[in-house]
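Me: Could you take a close look at the sheet in this model for me? I'd like to know how its strands are ordered and paired, and then what lies around them.

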Amino acid sequence: MTIALAQQLPGLAPVERIRAIRAALGGEIVFTTSFGLEDQVLTHLIAESGADIAFATLDTGRLFPETHALWAETEARYGIKVFAYAPRHEAVEDYVAGNGINGFYASLEARKACCHIRKVEPLGRALKGASGWITGLRADQSAARHDTPFAEENAQYGLVKLNPLLDFTRDDALAFAKAHDVPINPLHERGFLSIGCAPCTRAVEPGEPERAGRWWWEDETKKECGLHVGPDGRFVRPEPVKEAFA
Ligand code: SF4
């Protein structure tokens, strides 16, 4: 049944994927949004579906003002509340004291430590007790995401991770947003295709990979922020989904 759902999702219309997930999985389902293009499409779909799914975001303290503005606009447009998980202030204070306000440029370790404090640890709180985690991952966003399934058991958080827009292309998401008047971040039009924290995101040139603007000073193969990787630092590989879907 669980594997059947994972196989069923790509055959459904996008809004029906959300309803199928909600029908198959008991307990709390959390959608973590960073207000990127795919996440905005998912927000629209979740609102349209009427499914009981909680909205959460990681307010790292280094987001673009445009992202905060879109957050407010999105809540007003859809009549939803996106719960913010902020980093522990003591951890941020210690990090800045030890590394400097922009210490993440100094080394991969310093960058990962910042991402851990500002994203990974708050994500753990956002997902605590949840049975499902919806993300806006698309398979074509990077080589590391190609083999991601629509649904997978995530042992790290003890839940089922669901990627209902996995087979969308960026153009699909853009077309959906345009057709449904979904609010999107104005930074996209200025070349910021994948938007994260302001100091770690730049615009990309035409023809550059979508995620080339994230942590651009690092090795291409090390560009995940830790939200979709396991404790060993590798991208979480798909596992068969077993018991979580009745
Ligand atoms: S993306 Fe940059 S600023 Fe944001 S948490 Fe990671 S290292 Fe820190």
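Reply: Happy to; here is the sheet, followed by its surroundings.

This is a predicted model, in which local features need pLDDT of at least 70 and side-chain atom pairs count only at pLDDT 80 or more, while totals for chains, interfaces and linings use all residues. Residues are numbered from 1 along each chain as its sequence is written.

The chain has seven helices and six strands; helices (H or I, at least four residues) and strands (E, at least two) are DSSP runs, numbered from the N terminus. Read from that end, the elements follow the pattern α-α-β-α-β-α-β-α-α-β-β-β-α. The six strands form an open sheet in the order β3-β2-β1-β4-β6-β5, and the pairing is mixed; two strands pair if DSSP finds at least two bridges between them. β3 and β5 (151-154) are at the edges with a single partner strand each, so one side of each has no neighbour in the sheet. On average, neighbouring strands of this sheet are turned by 30° against each other, direction ignored (axes are lines fitted to C-alpha atoms, for helices over the stretch in contact, and angles run from 0 to 180 degrees between N-to-C directions).

Let's begin at the β3 edge. Strand β2 (residues 54-58) runs parallel to β3 (residues 82-85), and four bridges join them. Ala56 stands opposite Phe83 of β3. Between β2 and β3 the chain passes through helix α4 (residues 65-78), making a right-handed β-α-β crossover: with the strands pointing away from the viewer, the path from the first strand over the helix to the second runs clockwise.

At the β5 edge, the pairing is antiparallel: four bridges link β5 to strand β6 (residues 159-162). Here Asn154 has Leu159 in β6 as its bridge partner.

Now for the surroundings. Helix α5 (residues 89-99) is hardly covered, with one buried residue among its eleven, where buried means that 20 or more other C-beta atoms, placed from the backbone, lie within 10 Å of the residue's own. Gly100 follows α5 and has a positive phi, near 90°. Across the 246 residues of the chain, 39% count as buried.

Finally, the ligand is surrounded by 13 residues, and Cys114, Cys115, Arg118, Cys197 and Cys200 are the closest; a residue is near a molecule if its C-beta atom, placed from the backbone, lies within 6 Å of it.

Technical notes:
Buried ≥ 20, exposed ≤ 12 C-beta atoms within 10 Å, placed from the backbone.
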